[in-house]
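Got the viewer open? Here is a route through the model, one selection at a time.

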Amino acid sequence: MLHLLDAPVSVNGFVCKNPMEVNADDFFKAANLDKPRVTNKVGSNVTLINVMQIAGLNTLGISIARIDYAPLGQNPPHTHPRATEILTVLEGTLYVGFVTSNQPAPNRNKLLSKVLNKGDVFVFPVGLIHFQFNPNPHQPAVAIAALSSQNPGAITIANAVFGSDPPISDDVLAKAFQVEKNTIDYLQAQFWENNHN
């Protein structure tokens, strides 16, 4: 019979290891973040290291990601519901930005954007829709992002809206986007790939 004191303690949905059993491997991953990654059809690949890969991150409130961008590739508009992100460019150039959330006029849904070069840093506040785009048609780009959560989550806007299962009614989406239903049907028929590994 399992006694309450013997039961594993769970914090944030993850089991906390007995401190007497913790070892260095609980805080380590041979992630090879120095190696380039193959990009997908939108031209990016996000390699996230969070509490799912390193158990020792539980309750520490941080994670890290390497993002690879093909020439003209993008990390499409997305949001992290549980984290602020700080991104630095390691190679290449990126056009980045985020949109404020329904502020009073005249700043309603204001785009704040910058072109970043190697070594530049940009912050994306928690929960706001943001993106990165490599404007160079000949060279890839690479960035590292730190996130203020052990499990930041990622909601890619197009995937969520047009790739839901079951699909959101085309009546709802046609009215929301003020387009014809056949446009919504076309968008819903696309293969919406997740670039967040």
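## Start at the cis peptide

Select Pro166, which sits in the loop between helix H1 (157-162) and helix H2 (170-177). This is a predicted model, so keep that in mind at each stop. Show the backbone on the N-terminal side of the proline: a cis peptide bond joins Asp165 and Pro166, with omega at about 0°.

## Zoom out

Now bring the whole chain into view. Colour by secondary structure and you should find three helices and twelve strands. The C-alpha trace spans about 60 × 40 × 35 Å along its principal axes. The chain has 197 residues, and buried ones make up 34% of them. If you draw a contact map, look far from the diagonal: among contacts between residues at least 6 apart in sequence, 74% join residues at least 24 apart.

Next, select 31-185. An unreviewed UniProt entry places the feature "domain: Cupin type-1" on that span. Residues 31-185 are 12% helix and 35% strand, and their end C-alpha atoms lie 40 Å apart.

## The annotated site

Select His78, His80, Glu85 and His130 together and show their side chains. The UniProt record, again an unreviewed entry, has the feature "binding site" at these four positions. Why do they gather at one spot? They span 53 residues in sequence, yet no two of their C-alpha atoms are more than 11.8 Å apart.

Stay with His78 for a moment. His78 belongs to strand E5 (residues 74-79). Buried or exposed? His78 has 0% relative accessibility, so it counts as buried.

## Into the core

In soluble globular proteins, nonpolar side chains tend to be buried together. To see the largest nonpolar core here, begin with Tyr69, Leu87 and Leu94, the residues with the most contacts inside this 18-residue set. Then add the strands that each supply at least two of its residues: E4 (63-69), E6 (85-91), E7 (94-99), E9 (121-124) and E11 (141-147). Which of them gives the most to this core? That is E11, with four residues.

Now pick Leu94 and show its neighbours. Leaving out residues up to four places away in sequence, Leu94 touches a long list of partners, among them Tyr69, Leu87, Val89, Val115, Leu116, Phe133, Pro135, Ala141 and Ala143. Lys114, Gln132 and Asn134 also touch Leu94.

Move along to Val96, which lies in strand E7. With a relative accessible area of 0%, Val96 is buried. Its contacts, again not counting residues up to four places away, are Leu112, Ser113, Lys114, Leu116, Phe122, Phe124, Phe131 and Gln132. For a distance label, try Val96 to Asn134: these residues are 38 apart along the chain, and their C-alpha atoms are separated by 8.8 Å.

## A buried serine in a loop

Select Ser149, placed in the loop between E11 and strand E12 (155-156). Being in a loop does not put this residue on show: Ser149 has a relative accessible area of 9%, so it is buried, the cut-off being under 20%. What does Ser149 touch, residues up to four places away in sequence aside? The answer is Gly61, Ile62, Ser63, Arg82 and Ala83.

## The second largest pocket

Turn on a surface for this stop. Rolling a probe the size of a water molecule over the atoms shows where empty space is left. The second largest pocket holds about 220 Å³ of space. To frame it, select its lining: Val15, Cys16, Lys17, Val22, Asp26, Phe27, Ala55, Gly56, Asn58, Thr59 and Leu60. Colour these by residue class and you get six nonpolar, three polar and two charged.

## Two positive phi angles

Finish with two backbone oddities.

- Leu72 is in the loop between E4 and E5. Leu72 is not a glycine, but its phi is positive, about 65°. At 47% relative accessibility, Leu72 counts as partly exposed.
- Asn109 is in the loop between E7 and strand E8 (111-116). Asn109 is not a glycine either, and its phi is positive at about 50°. Asn109 counts as partly exposed, at 40% relative accessibility.

Technical notes: Residues numbered from 1 in each chain as written. Predicted model: local features only at pLDDT ≥ 70, side-chain atom pairs only at ≥ 80, totals over all residues. Heavy atoms only, no water. 1 Å grid on protein atoms, 1.4 Å probe; cavity = no way out; pocket = protein on both sides within 12 Å on 5 of 7 lines; lining within 4 Å. Points joined across faces, edges and corners; volume = space filled by probe spheres on them. Nonpolar A, V, L, I, M, F, W, Y, C, P; charged D, E, K, R; others polar. Core = buried A, V, L, I, M, F, W, Y, C linked by side-chain atoms within 4.5 Å. Buried < 20%, exposed > 50% of the residue type's maximum accessible area, 1.4 Å probe, protein only. Contact = heavy atoms within 4.5 Å. UniProt positions renumbered as here; feature names shortened; annotations may be inferred.
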